[in-house]
Amino acid sequence: MRGFQNKARQYALKLLSYRGRSEKELEGRLRKKGFPEGVISSTLEHLRHIGLINDGALAESLRREALTSKLLGQNGVRRFMLSRGIPGDIVSSFLNPDEKEDIENARKLVNKKLRTMGNYSSEAIKRRLHNLLLRKGYSHETIRAVLRDKNFDEED
């Protein structure tokens, strides 16, 4: 059993060396690797105890990444964090529905996309931008405001 414990810890440390992972992600990877439940739970407890897994700290890091690098809206941030195994209550505590921040990120995304959009009709550009913003998790109000600012009158 001691051998399994050491191998599980080494494997978990190897995974954590690549990027931060949630407790749920690590548990899934250890389970997939075939480690027994007792070994998995003691490994996770050990990593929690020494501070190598902390879903709260990871949630803050993922939130920052989603907003600054991926330019996601609040719904997109929620989906991103949940997909990485962060529990829903922690996700909710890290989301702050700041409409100004959402509008600013949506504008950045639209400006970035407009630089690569070629010779499409105004209607096609509007539709593509609307769909992009929806996929990225922006609210209809934010989308409407940003498209209106870019002189694409949004009429639903």
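In the predicted model, the side chains of R31 and E27 are joined by a salt bridge in which nitrogen and oxygen lie 2.9 Å apart. Both residues belong to helix α2 (residues 23-33), and because they are four residues apart there, about one helical turn separates R31 from E27. Neither end of this pair is classed as buried, a class that requires a relative accessible area under 20%: R31 is partly exposed, at 39%, and E27 is likewise partly exposed, with a relative accessibility of 26%. Side chains of opposite charge can pair when their charged atoms come close.

A second pair is found in helix α3, where R48 forms a salt bridge with E45 and the closest N and O atoms are 2.7 Å apart. Since R48 and E45 are three residues apart in α3, the separation between them amounts to about one helical turn. R48 is partly exposed, its relative accessibility being 32%, and E45 also counts as partly exposed, with a value of 43%.

Helix α4 holds a further pair, in which the side chains of E60 and R64 meet in a salt bridge with an N to O distance of 3.1 Å. The two residues are four residues apart in α4, so that about one helical turn lies between E60 and R64. For E60 the relative accessible area is 26%, which places this residue in the partly exposed class, and R64, at 44%, is partly exposed as well. Beyond such pairs, R19, E25 and R84 are joined into one network by salt bridges that share partners. A search of the whole structure finds 11 salt bridges, among them the pairs R31 with E27, R48 with E45 and E60 with R64.

The packing of the helices was examined next. Helix α1 (residues 2-18) and α2 cross at roughly 130°, and their axes come within 11 Å of each other. That angle makes α1 oblique to α2, since angles over 145 degrees would be needed for the pair to count as roughly antiparallel. The crossing in which α1 passes α2 is right-handed.

Toward higher residue numbers, helix α7 (residues 99-114) takes part in two packing arrangements described here. With helix α8 (residues 122-135), α7 packs at an angle of about 135°, the axes of the two helices being 11 Å apart. The helices α7 and α8 are therefore oblique to each other, and their crossing is right-handed. With helix α9 (residues 140-149), α7 packs at an angle of about 50°, and the axes are 10 Å apart. At this angle α7 is oblique to α9, because the oblique class includes angles that are neither under 35 degrees nor within the range from 65 to 115. The crossing of α7 and α9 is right-handed.

Attention then turns to the loops and the surface. L13, I50 and L52 together form a nonpolar patch on the surface, with a joint accessible area of about 260 Å². Of these residues, I50 is located in the loop between α3 (37-49) and α4 (55-68), and L52 is placed in the loop between α3 and α4 too. I50 is partly exposed, with a relative accessible area of 46%, and L52 is partly exposed at 42%; both values satisfy the requirement of over 30% relative accessible area for membership of a patch. L52 can also be placed relative to Y18, a residue 34 positions away along the chain, as the C-alpha atoms of L52 and Y18 are separated by 13 Å.

A further loop residue, L71, is found between α4 and α5 (74-83). Although L71 is not a glycine, its phi is positive, at about 50°. With a relative accessible area of 9%, L71 is buried, as this value is under the 20% that bounds the buried class. By contrast, the loop residues I50 and L52 are both partly exposed.

Notes:
Residues numbered from 1 in each chain as written. Predicted model: local features only at pLDDT ≥ 70, side-chain atom pairs only at ≥ 80, totals over all residues. Heavy atoms only, no water. Patch = residues over 30% accessible without salt bridge, like charges linked within 9 Å, V, L, I, M, F, W, Y side chains within 5 Å. Areas by Shrake-Rupley, 256 points an atom, 1.4 Å probe, with all protein chains shown as cover. Salt bridge = Lys/Arg side-chain N within 4 Å of Asp/Glu carboxyl O. Buried < 20%, exposed > 50% of the residue type's maximum accessible area, 1.4 Å probe, protein only. Axes fitted to C-alpha atoms, helices over the stretch in contact; angles between N-to-C directions. Left-handed = near helix turned anticlockwise from the far one by under 90°.
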